[in-house]
Amino acid sequence: MVDFIVFMVLFLGGFYLFGISWSLPTAQGVVFSAGILLVSLALAYVMRQRGSDTRRSDNWNQRDN
């Protein structure tokens, strides 16, 4: 559940930055780029979670030895 909350905060925060970047008088590119980074981090965070969706024990070749 915590993973989902972290994902949603990063993902929706990135989209929020996308939206407000157009109305800022300065630093539009910086804010838009920060939004891209947040969305990318959110997607990378979800994809790297162990056992996500496939429920495999050897997810992304990370073995428990």
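**Exercises on a predicted two-helix model**

The place of A44 is in helix α2. The structure is a predicted model, and the exercises below read its helices, its surface and its chain packing.

**Exercise 1. Determine whether A44 is buried, exposed or partly exposed, and how far its C-alpha atom is from that of F7.**

Step 1. The relative accessibility of A44 is 39%. Buried requires under 20% and exposed requires over 50%, so A44 counts as partly exposed.

Step 2. Along the chain, A44 and F7 are 37 residues apart. Their C-alpha atoms are separated by 9.4 Å.

Step 3. F7 is among the buried residues of α1, whereas A44 belongs to α2.

**Exercise 2. Describe the extent of helix α1 and state which of its residues are buried.**

Step 1. Helix α1 covers residues 2-21, which gives it 20 residues. From first C-alpha to last it reaches 28 Å, close to the 28 Å expected at 1.5 Å a residue.

Step 2. F7, G14, L17, F18 and S21 are the buried residues of α1. They lie on the same side of the helix, because the arc they cover around the axis is only 110°.

Step 3. A general property of the fold element is relevant here: an α-helix has 3.6 residues a turn, so residues three or four places apart point the same way.

Step 4. The other side of α1 carries the exposed residues V2, V9 and Y16.

Step 5. The cover over the buried residues of α1 includes α2, residues 28-47.

**Exercise 3. Characterise the surroundings of S21.**

Step 1. S21 is located in helix α1. Its relative accessibility is 2%; the cut-off for buried is under 20%, so S21 counts as buried.

Step 2. With neighbours within four places in sequence set aside, the contacts of S21 are Q28, V31 and F32.

**Exercise 4. Compare the positions of D3 and A27, and identify which residue has a positive phi.**

Step 1. D3 is placed in helix α1 and, at 36% relative accessibility, counts as partly exposed.

Step 2. The C-alpha atoms of D3 and V46 are separated by 7.7 Å. Along the chain these two residues are 43 residues apart.

Step 3. A27 is placed in the loop between α1 and α2. With a relative accessible area of 43%, A27 is partly exposed.

Step 4. A27 is the residue sought: its phi is positive, about 60°, although A27 is not a glycine.

**Exercise 5. Which residues make the nonpolar surface patch of about 480 Å²?**

Step 1. The patch is made by M1, F4, I5 and V9.

Step 2. One of these residues, I5, lies in helix α1. I5 has a relative accessible area of 46% and is therefore partly exposed.

Step 3. V9, also part of the patch, is exposed on the side of α1 other than that of the buried residues.

**Exercise 6. Summarise the protein chain by its secondary structure, burial, contacts and surface.**

Step 1. The protein chain holds two helices and zero strands.

Step 2. It has 65 residues, of which 17% count as buried.

Step 3. Among contacts between residues at least 6 apart in sequence, 39% join residues at least 24 apart.

Step 4. The accessible surface of the chain comes to about 5100 Å². Carbon and sulfur atoms account for 67% of this surface.

Technical notes:
Residues are numbered from 1 along each chain as its sequence is written. This is a predicted model: local features need pLDDT of at least 70, side-chain atom pairs count only at pLDDT 80 or more; totals for chains, interfaces and linings use all residues. Side-chain values use heavy atoms; hydrogens and water are left out. Helices (H or I, at least four residues) and strands (E, at least two) are DSSP runs, numbered from the N terminus. The expected span of a helix is 1.5 Å times one less than its number of residues. Buried means under 20% relative accessible area, exposed over 50%, partly exposed in between (1.4 Å probe, protein chains only). The arc is that of the directions from the helix axis to the C-beta atoms. Contact means heavy atoms within 4.5 Å. Patches are made of residues with over 30% relative accessible area and no salt bridge: like charges are joined within 9 Å, nonpolar side chains (Val, Leu, Ile, Met, Phe, Trp, Tyr) within 5 Å. Accessible areas come from the Shrake-Rupley method with a 1.4 Å probe; for residues, only the protein chains shown count as cover. A salt bridge is a side-chain nitrogen of Lys or Arg within 4 Å of a carboxyl oxygen of Asp or Glu.
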